[in-house]
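Biologist: Could you take one strand at the heart of this model and look at it closely, and then work outwards to the parts around it? I would like a connected account, with anything unusual in the backbone pointed out along the way.

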Number of protein chains: 2
Amino acid sequence: MYKLLKTDGLAKRGEFTTVHGTIQSPVFMNVGTVAAIKGAVSTEDLKTLGCQVQLSNTYHLHVRPGDDVIRQLGGLHEFMVWDRPILTDSGGFQVFSLAKLRRIKEEGVHFSSHIDGKKIFMGPEESMQIQSNLASTIAMAFDECPPHPATRDYMQDSVDRTTRWLERCKDELDRLNGLEDTINQKQMLFGINQGGTYKDIRIEHAKTISKMDLDGYAIGGLAVGESHSDMYDTLDAVVPHLPQNKPTYLMGVGTPSNLLEAVDRGVDFFDCVYPSRNGRHGHLYTHTGKLNLLNAKFQLDSRPIEEGCTCPTCTHYSRAYIRHLLKAKEMLGLRLAVMHNLHFYNKLMEEIRVAIDAGRYKDFKGEMLESMKD
Amino acid sequence: MYKLLKTDGLAKRGEFTTVHGTIQSPVFMNVGTVAAIKGAVSTEDLKTLGCQVQLSNTYHLHVRPGDDVIRQLGGLHEFMVWDRPILTDSGGFQVFSLAKLRRIKEEGVHFSSHIDGKKIFMGPEESMQIQSNLASTIAMAFDECPPHPATRDYMQDSVDRTTRWLERCKDELDRLNGLEDTINQKQMLFGINQGGTYKDIRIEHAKTISKMDLDGYAIGGLAVGESHSDMYDTLDAVVPHLPQNKPTYLMGVGTPSNLLEAVDRGVDFFDCVYPSRNGRHGHLYTHTGKLNLLNAKFQLDSRPIEEGCTCPTCTHYSRAYIRHLLKAKEMLGLRLAVMHNLHFYNKLMEEIRVAIDAGRYKDFKGEMLESMKD
C-alpha cells in the first residue's frame with residue numbers, strides 16, 4: 001500500500017507498507033545479487049548502514065543454490081536473516097545479459113546457465129514460481145530487456161510481448177498467492193515499462209500497464225548505453241504516464257547525480273551496483289566529490305573518508321589505512337570501502353526525503369550537484 | 001611484567017602486563033599479517049571475537065606500506081585502530097620463507113622483496129628499527145629460521161649466530177627505547193629458541209638465552225615439517241630450560257590439539273594462521289570436530305555452525321547460508337567462516353584458562369581431544 005505523503009515539484013515523498021515493514025521513499029535498494037552484498041557486508045551490517053530494502057537476483061539464486069533450496073529453508077528472509085522488505089528482480093535482465101545461447105519465444109526464453117551451461121527455460125510463469133519460492137516482498141514482472149540500440153520494429157514487438165508476459169505474470173502470481181503452502185501469500189508485483197528511448201512506445205506502454213493496478217511500476221531498459229540526457233528526456237516523457245500514487249522505480253540507476261535528477265522527475269525507488277562496485281575499486285563517495293583512495297596523496301592521510309560521516313568505516317578508520325588495505329588487496333579494505341559507499345547512498349536518500357519534506361528539493365538538488373561535481 | 005598465577009602440572013596460567021593492557025595466558029594471538037586479519041575482519045570485530053593480542057608481520061609492513069609510513073601515522077596501534085597489545089614478528093621467518101635471492105652473512109640477510117624484487121638488507125638492528133617504528137607492544141628478536149631438515153653442523157652454526165643476533169637486538173632495542181622520539185619507549189623483546197629437533201642444541205641455546213633476562217621466550221622453528229610427536233618431544237625437552245616466570249611462546253602452532261598438548265608442556269602464548277586459513281576453505285571448528293561446510297549434506301542445514309556458540313556468525317547465520325556463500329565465492333562467506341574460527345580459538349584458550357584455574361587441566365585436555373577428534 002503506497003501513500004503519497006508530499007510532492008515538491010514532481011519529486012515524490014512516499015510511504016510504502018508491506019508485510020515486511022514500511023519503506024520511506026525516495027529509497028535506494030541495496031543490491032545483494034546472490035543473497036549477499038558484495039564486499040562481505042552482512043544483513044546485520046545493512047541495518048547499521050540504514051538500508052531499508054535489500055534486492056536479490058532471481059536468476060542467480062535459481063541457478064545457485066536453487067530457489068527450491070531457499071524455499072525449503074523458509075524463503076529468502078530466513079535464509080539471509082533479513083526481516084525488512086526484499087525485492088527480487090525477475091531474472092529477465094540476467095537472462096538477456098549473462099546467459100548464453102538465448103532463444104526468445106512467445107512462451108518465454110530458452111537459455112544456458114552461465115555457470116555450468118545447463119539448459120534452462122524461463123517464462124513469466126517460471127519467474128513468478130521462482131520468486132514465490134524465494135518469498136520476496138516484491139516480485140518483478142518477467143520482461144524482455146531489449147538490446148540498445150534496437151530498431152523501432154524490434155522494440156515495438158518486444159514491448160508488446162512484455163505486455164502479454166505481464167498479464168501472465170499477474171495471473172500466475174495471483175494463483176500462487178492463493179496457494180496454502182506459499183510462504184508469502186501477500187507477495188506484491190511491480191510491472192516494468194520498456195521502449196528504449198522511443199518515447200511514444202514508452203508512453204503507450206506506460207498507459208497500458210498503468211491500467212492493470214499493479215503494486216508498483218518500474219522503468220527498465222535505461223542506463224544501458226544511452227546518454228544521461230537521453231535518460232532524463234525519457235523520464236520526462238514517461239513518468240507522468242505512470243501512476244503517481246504507486247512506487248516509481250528506475251531500475252539499475254545510477255550515480256548520485258542520476259538519482260538526484262530522477263527524483264526531480266518523480267522517481268522514488270532505485271537500485272544500483274555502483275556503490276559496492278566503486279567501493280571495491282577504491283572510489284569513495286563524499287558530499288564534496290568522489291575520492292580515488294589508491295591515489296598516492298592519501299598515503300599519510302589520517303582523516304576519515306569523509307569528515308563527520310557516521311558510517312562504521314569513518315567512525316574508526318583512516319584514508320591511509322583503507323588505502324593500504326586496498327593496495328595490499330586485503331578483503332578488509334573492500335569491506336570498509338563498500339560499507340562507506342552504501343552508507344553514503346542510503347544517507348543521500350534520507351537527505352533527499354528531508355529536502356522534499358521541507359519543500360526545498362530543487363535547492364537541495366542544486367547544492368548537491370554543485371558540491372559533488374559528479 | 002609476567003605474573004605466574006597458577007600451575008597445573010606443567011600448564012601455566014599467567015598474567016602479562018604491558019603498556020597496552022594485560023594479557024591473560026594461555027593466549028592465542030590473532031594473526032593480522034599486513035595489519036589486517038584475512039577474511040575482512042577488522043580490529044572492531046576482533047574485540048567481539050575475544051582477541052587479546054593481535055600479531056602483525058614486520059617484513060610485510062616494511063615492504064608495504066613501509067614502517068616509515070606507519071611511524072608517521074603514529075604507529076601500528078593508531079594505524080589499525082587497536083588499543084590492546086600487538087606483537088610483531090622479527091621479519092626473520094618471512095625473509096627465510098618468502099624472500100628471494102637470499103644471502104646470509106654475519107651482519108644480516110641480503111634478499112629481494114617478494115613484491116617488486118627490490119634489494120633489501122635486514123639484520124638485528126634493522127629489524128629492531130622497523131619494529132620500533134611500528135611501535136608494537138612486543139618485538140621479536142631477529143633470528144635465522146633454519147631449513148628442515150638441516151645438518152647438525154648447519155644447525156649449530158645457525159643457532160650460534162642467532163644468539164649473537166639476539167645480543168645485538170637487545171642492545172639496539174635498548175638504544176631505541178631510550179630515544180626521545182620513539183613512539184613506544186617501553187617496547188618489550190622476546191628471544192627465540194632454535195635448534196630444530198636436535199634436543200641438546202635446543203637445550204644449550206635455551207640455557208644461554210634464559211640468562212639474558214628478556215621479557216619473554218619463544219620457541220621457533222617447529223611445525224616446519226617434523227611430526228607432531230617430534231614437536232611434542234622437543235617441547236618436553238626444551239620448555240623446562242626456559243624461565244617459567246616469563247611468557248613461553250610456541251610460534252606458528254597450530255591445531256586445537258597442538259595447542260592443548262603444548263599448554264600441557266608449559267607453553268602459554270600461541271599464534272597460527274589455521275583458523276583464518278581453514279575458515280576461508282570452509283573448514284569450521286567445533287567442540288565435536290571440524291566441519292567441511294562445502295559438503296553437500298549441509299545444503300539444507302538451518303543450524304548454526306555450532307549450537308550454543310556465541311560468535312557473531314552463529315548467533316545469526318545458518319550452515320546452509322554460509323555454505324551457499326562459500327560455494328558462490330562471496331566474500332561474506334569467508335568473513336563469517338573466519339569470524340567463527342577465530343572466536344573458536346579465542347574461546348578455547350579461555351576454556352583452557354578456566355580448566356587450569358580449576359586445577360583440572362589434564363581432564364579437560366583429555367575430554368577435548370576425545371570430543372574434537374582433531
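Modeller: In this predicted model, strand β10 of chain A, residues 138–140, pairs with β11(A) in the parallel sense, and three bridges hold the pairing. One of the positions that can be picked out in this pairing is A:Met140, which stands opposite A:Phe190 in β11(A). The two strands also belong to a right-handed β-α-β unit, in which helix α7 of chain A, residues 152–177, takes its place together with β10(A) and β11(A).

On to the next pairing of the strand: β11(A) pairs with strand β12 of chain A, residues 216–219, again in the parallel sense, and here there are four bridges. In this pairing A:Asn193 stands opposite A:Ile219 in β12(A). A right-handed β-α-β unit is made here as well, from β11(A), helix α8 of chain A (residues 199–210) and β12(A).

Is β11(A) buried or exposed? Six of the six residues of this strand, which covers residues 188–193, are buried, so the strand is largely enclosed by the rest of the structure. The burial holds for both of its faces: A:Met188, A:Phe190 and A:Ile192 point one way, A:Leu189, A:Gly191 and A:Asn193 point the other way, and all of them are buried. A:Phe190, the residue opposite A:Met140, and A:Asn193, the residue opposite A:Ile219, therefore point to opposite sides of the strand, and both are buried whichever way they point.

The loop between β12 and α9 (228–238) of chain A holds A:Ala223, whose phi is near 60°, a positive value in a residue other than glycine. Most residues other than glycine have a negative phi. A:Ala223 counts as partly exposed because it has 18 C-beta neighbours inside 10 Å, where 20 or more would make a residue buried. In chain B, B:Ala223 likewise has a positive phi of about 60° although it is not a glycine, and it lies in the loop between β12 (216–219) and α9 (228–238) of that chain. B:Ala223 is partly exposed, with 17 other C-beta atoms within 10 Å.

A step further out are the domains of chain A, which is divided into domain 1 (2–272) and domain 2 (275–374). The centres of these two domains, taken over C-alpha atoms, are separated by 27 Å, and their contact takes 28 residues from domain 1 of chain A and 31 residues from domain 2 of chain A. On the domain 1 side, β1 (2–8), β2 (11–18), β4 (27–31), α1 (43–48) and α10 (256–264) of chain A each supply at least two residues, and α10(A) gives the most, with six residues. By class, this side of domain 1 divides into 14 nonpolar, eight polar and six charged residues.

Chain A also has an open sheet of three strands in the order β7-β8-β9, with antiparallel pairing. Its edge strands are β7 (100–105) and β9 (119–122) of chain A, each of which pairs on one side only, and neighbouring strands are turned by 15° against each other on average, direction ignored. Four bridges join β7(A) to β8(A), residues 108–112, and A:Arg103 has A:His110 in β8(A) as its bridge partner.

Chain B, in turn, has an open sheet with the order β1-β2-β3 and antiparallel pairing, where β1 (2–8) and β3 (21–25) are the edge strands. The twist averages 10° from one strand to the next. Five bridges join β2(B), residues 11–18, to β3(B), and B:Glu15 stands opposite B:Gln24 in β3(B). Helix α13(B) packs on this sheet, touching β1, β2 and β3 of chain B, and its direction makes about 115° with that of β2(B).

Two peptide bonds of chain B deserve a look: the one from B:Ser25 to B:Pro26 is cis, with omega near 0°, and so is the one from B:Val253 to B:Gly254. B:Pro26 is found in the loop between β3 and β4 (27–31) of chain B, whereas B:Gly254 lies in the loop between β13 (248–250) and α10 (256–263) of chain B.

Lastly, the contact between the chains takes 33 residues from chain B and 33 residues from chain A. On the chain B side, α3 (67–72), α4 (76–80), α12 (319–327) and α13 (331–357) give two or more residues each, with α12(B) giving the most, five residues. That side has 20 nonpolar, seven polar and six charged residues.

Methods:
Residues numbered from 1 in each chain as written. Chains lettered and ligands numbered in written order. Predicted model: local features only at pLDDT ≥ 70, side-chain atom pairs only at ≥ 80, totals over all residues. Contact = placed C-beta atoms within 7 Å. Nonpolar A, V, L, I, M, F, W, Y, C, P; charged D, E, K, R; others polar. Pairing = 2+ DSSP bridges. Axes fitted to C-alpha atoms, helices over the stretch in contact; angles between N-to-C directions. Domains from an automatic or database assignment. Buried ≥ 20, exposed ≤ 12 C-beta atoms within 10 Å, placed from the backbone. Right-handed = clockwise from strand over helix to strand, strands pointing away.
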